[in-house]
Amino acid sequence: MDIDWAALGSVFGVSLGATVALVSLFTLGIVGLSKHEAAVQQGGAAHLARSGAYAAFAACAAAVAYGIYLIVT
């Protein structure tokens, strides 16, 4: 049995990078929604924060859908 360590390291690196990117996008979405809520409580409106949060969540959903597509095909 022979293990291709370079391929295993490559898969690990890509998986780690994708995980960090996905978690960062989701975190940005949560921060955007919390900024929007804080602005609403103070009587203002932070439409850009809410739009950015929705865009981050949409990017997360797109990344997950693409990953499922890669697994299924």
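1. How far apart are the end C-alpha atoms of helix 2, and what should its 26 residues span at 1.5 Å a residue? In this predicted model, the end C-alpha atoms of helix 2 are 37 Å apart, and the expected span is 38 Å, which agrees. Helix 2 covers residues 47–72.

2. Two packed helices are described by the angle between their axes and the distance between the axes. For helix 1 (residues 5–41) and helix 2, the axes come within 8 Å and cross at roughly 155°. Angles over 145 degrees count as roughly antiparallel, so helix 1 is roughly antiparallel to helix 2. The crossing of helix 1 past helix 2 is left-handed.

3. The contact draws on residues from both helices. On the helix 1 side, they include Leu22, Leu25, Phe26, Gly29, Leu33 and His36. On the helix 2 side, Ala49, Ala53, Ala56, Phe57, Cys60 and Val64 are among them. By type, the residues of this contact are 15 nonpolar, three polar and two charged.

4. Within helix 2, Ala53, Ala56 and Cys60 are buried. The buried residues of helix 2 pack against helix 1. An α-helix has 3.6 residues a turn, so residues three or four places apart point the same way.

5. His36 deserves a separate entry. This residue is found in helix 1 and has a relative accessible area of 10%. Buried means under 20%, so His36 is buried. Leaving aside residues up to four places away in sequence, His36 touches Ala46, Ala49 and Arg50. Of these, Ala49 and Arg50 are listed in helix 2 as part of the contact with helix 1.

How values were computed:
Residues are numbered from 1 along each chain as its sequence is written. This is a predicted model: local features need pLDDT of at least 70, side-chain atom pairs count only at pLDDT 80 or more; totals for chains, interfaces and linings use all residues. Side-chain values use heavy atoms; hydrogens and water are left out. Helices (H or I, at least four residues) and strands (E, at least two) are DSSP runs, numbered from the N terminus. Buried means under 20% relative accessible area, exposed over 50%, partly exposed in between (1.4 Å probe, protein chains only). Contact means heavy atoms within 4.5 Å. Axes are lines fitted to C-alpha atoms, for helices over the stretch in contact, and angles run from 0 to 180 degrees between N-to-C directions. Angles under 35 degrees count as roughly parallel, over 145 as roughly antiparallel, 65 to 115 as roughly perpendicular and the rest as oblique. A crossing is left-handed if the near helix is turned anticlockwise from the far one by less than a right angle, and right-handed if clockwise. Ala, Val, Leu, Ile, Met, Phe, Trp, Tyr, Cys and Pro count as nonpolar, Asp, Glu, Lys and Arg as charged, and the others, Gly among them, as polar. The expected span of a helix is 1.5 Å times one less than its number of residues.
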